[in-house]
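Let's take a walk through this one, starting from the inside and working outwards. Have the viewer open as you read.

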Amino acid sequence: MEFPDLGEHCQYENCNQTDFLPLQCKCGKIFCRVHFNDHCLSGLCELAPKPRNIVPSNDEIYRCSQNGCRKGNLHEMLCNKCKKHYCIEHRFHPSCPEIDDETMAFKIEQLEAPRRQFREANKHLQEKITENIRKALQSTAKVKTASKIHLMRIKQKAIGPKSVPPKDRTYFAIKKPANSDPKAVKIVHDLENITQIESIALDPDLKDTIPVFISSNWSLGRAIDSICESCDIKNENNKIGSTKLRLFRQLDGYCISPGKMDVEIQELMKKEVLLEGDKLVMEYVSTEVLSTIEDGQLFLC
């Protein structure tokens, strides 16, 4: 032992344990905390202090305010609503006579009013920003600035796996499918009938979309899985079924690589099939349609 002289041995019969804070009776014997009370209450020691019943005065007892309850407590426990004392059993009473429904509704309104005002003001602000971006996109000189502001708005609220390094993150706005039914699509084999994306203006309105980020190093299949997890979309692409999830550009309804899921996101962006900040639509497509694509291009109807 490091401190052999520290503490005393309990002198109670069959105990003899070492107590570092022993108690000594007036008779001179030393006991541990457990057996000191046993010694005093045994009646064998005439010098042992006699136990005393401590009865607090009425001024020191807090009576329960619940009707019919006679329990008292040494410590005051006030109700947060009526500021009256209640015992442990009745402390969380379901109703309080001091606050009626009208008063409670008024207090709730006082708390909700600032939140509602903030939501309305923020909605108006976002609509104003969207309109300013839309006007800026009509001016060739301001297109780049407007696109940067649009992307910045997406980045502010984007969700995704925290494991993706910031330098690898690519941001999009995703619209969830309305239901799990296969979406009506068309296959275009004549490339001359495809509307070029350059001829369509960017829509900066982020209403009904969820900003997300994925890794540019991922394959398209893994990106779809991650987007589904972030946006809470039912995904059974890894199972045999009648439908599969695919990504479409909202601008022109073009399906992003419907038949090749192992193509990397950075490759799609290099070819400008995808642009950072794009608004993309996640939809269910019939597996029967996907099996007949081959060299055709898939579009939303």
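This is a predicted model, and a good place to start is its largest nonpolar core, which has 34 residues. The residues with the most contacts inside that core are Ile174, Leu220, Ile227, Leu247, Ile256, Leu268 and Met282. Several elements give it two or more residues, among them the helices α3 (143-157), α4 (220-231) and α5 (265-270), along with strands such as β7 (169-175), β10 (243-249) and β11 (279-286). The largest share, 6 residues, comes from α4. In general, nonpolar side chains in soluble globular proteins tend to be buried together.

Now zoom in on leucine 220. Leaving aside neighbours within four places in sequence, leucine 220 is in contact with Leu247, Ile256, Ser257, Lys260, Met261, Val263, Ile265 and Leu268. There's also a second, separate core of 9 residues, including Val185, Phe248, Ile293 and Leu300.

Pulling back, the protein comes to 6 helices and 12 strands. Of its 301 residues, 34% are buried. Among contacts with a separation of 6 or more, 58% link residues 24 or more positions apart. The protein exposes about 21100 Å², and carbon and sulfur atoms supply 50% of that.

What about the cysteines? With a disulfide taken as a pair of cysteine sulfur atoms within 2.5 Å, the count comes to 0. For cysteine 40, the nearest cysteine sulfur is that of cysteine 25, 5.2 Å away. Cysteine 40 is buried, at a relative accessible area of 11%. For cysteine 64, the nearest cysteine sulfur belongs to cysteine 87, 3.7 Å away, and cysteine 64 is in no disulfide. Cysteine 64 is buried too, with a relative accessible area of 8%.

Methods: Residues numbered from 1 in each chain as written. Predicted model: local features only at pLDDT ≥ 70, side-chain atom pairs only at ≥ 80, totals over all residues. Heavy atoms only, no water. Buried < 20%, exposed > 50% of the residue type's maximum accessible area, 1.4 Å probe, protein only. Helix = DSSP H or I, 4+ residues; strand = E, 2+ residues; numbered from the N terminus. Contact = heavy atoms within 4.5 Å. Areas by Shrake-Rupley, 256 points an atom, 1.4 Å probe, with all protein chains shown as cover. Core = buried A, V, L, I, M, F, W, Y, C linked by side-chain atoms within 4.5 Å.
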